[in-house]
Amino acid sequence: MSEPGRARGGGDAHPLRILERWFAEARERGVADPTRVAFVTASAAGEPSARTVQLKRFEQESLLFTSTLYTRKARELAENPRVALLFHWPAAERQVHITGAAELAERSLARELFDERELVRRVQTIASRQGAPIDDLEQVRARHAHLMHTLEAPPECPEDWGAIRVTPASVELMTEAPDRIHERALWLREGDGWSRSLLSP
Ligand SMILES: Cc1cc2nc3c(=O)[nH]c(=O)nc-3n(C[C@H](O)[C@H](O)[C@H](O)COP(=O)(O)O)c2cc1C
């Protein structure tokens, strides 16, 4: 496992290893935070929804995200595991479209990723019920400030906060070209391996 953006060796036979390399290259080309990605889920009835999340970690065959588990995305994942992810880095002239299946990762991993968060973010997680209707932001701000000043120890990972593991079935790696003849490499999981084909731009 490695942090997003830390490219390792391993060559070009696996789209996630290429993606790891692309993270490092995106940073070199001025993309401030390549981990930001559109995360698309759908209800059991097929109604889609999207939001931005941040990639937390690469695994050998999957990608890890975190979220509170009562949010729309988490509810939709529970009834329909099929998801899509879309990275777009204009400064690097690259786009990555991933489809696959999502599942809730182990509690131990959720705790580990929670403990890695900055304290202010850990406290924010317990100060704000994400997605709940509120009258005004001041209440949330005041609760957050109060907790920051009064908590005697950093909060532990809440039961309703977790890690989401996305295992790709397809990865399309697109590189823009000045002549508009962009390279679109489509990787499809086949058994334990991957096939690669080129798509016309
Ligand atoms: C730059 C950025 C990064 C974000 N990262 C995350 C994240 O890693 N996890 C998360 O649950 N929400 C993240 N959010 C908030 C989500 O976009 C979204 O508002 C929230 O998760 C609720 O989404 P949902 O109700 O559709 O599930 C991020 C938002 C922005 C703008």
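**Exercise 1. Work out the make-up of the ligand shell by residue class.**

By class, one nonpolar, six polar and five charged residues make up the shell around the ligand. Here Ala, Val, Leu, Ile, Met, Phe, Trp, Tyr, Cys and Pro count as nonpolar, Asp, Glu, Lys and Arg as charged, and the others, Gly among them, as polar. Keep in mind that this is a predicted model, where local features need pLDDT of at least 70, side-chain atom pairs count only at pLDDT 80 or more, and totals for chains, interfaces and linings use all residues. Residues are numbered from 1 along each chain as its sequence is written, and side-chain values use heavy atoms, leaving out hydrogens and water.

Next, put names to the shell: Arg36, Val53, Lys73 and Gln130 are among the residues around the ligand, each with a heavy atom within 4 Å of it.

Finally, look at where they come from. Strand 2 gives the largest share, four residues; strands (E, at least two residues) are DSSP runs, numbered from the N terminus.

**Exercise 2. Find polar contacts of the ligand (pairs of N or O atoms within 3.5 Å).**

Start with the backbone: a polar backbone atom of Gln54 is 3.1 Å from a ligand oxygen. A ligand nitrogen lies 2.9 Å from a backbone N or O atom of Thr66. Then try side chains: Ser67 puts an N or O atom 3.4 Å from a ligand oxygen.

**Exercise 3. Trace the pairing around strand 6.**

Strand 6 (residues 94–104) pairs antiparallel with strand 5 (residues 82–89) over eight bridges; pairing takes at least two DSSP bridges. Leu86 sits opposite His97 of strand 6. On to strand 7 (residues 161–175): eleven bridges join this strand to strand 6, again antiparallel, and Arg94 has Thr175 as its bridge partner there.

Conventions. Polar contact = N/O pair within 3.5 Å; in protein donor to acceptor, adjacent residues only side chain to side chain.
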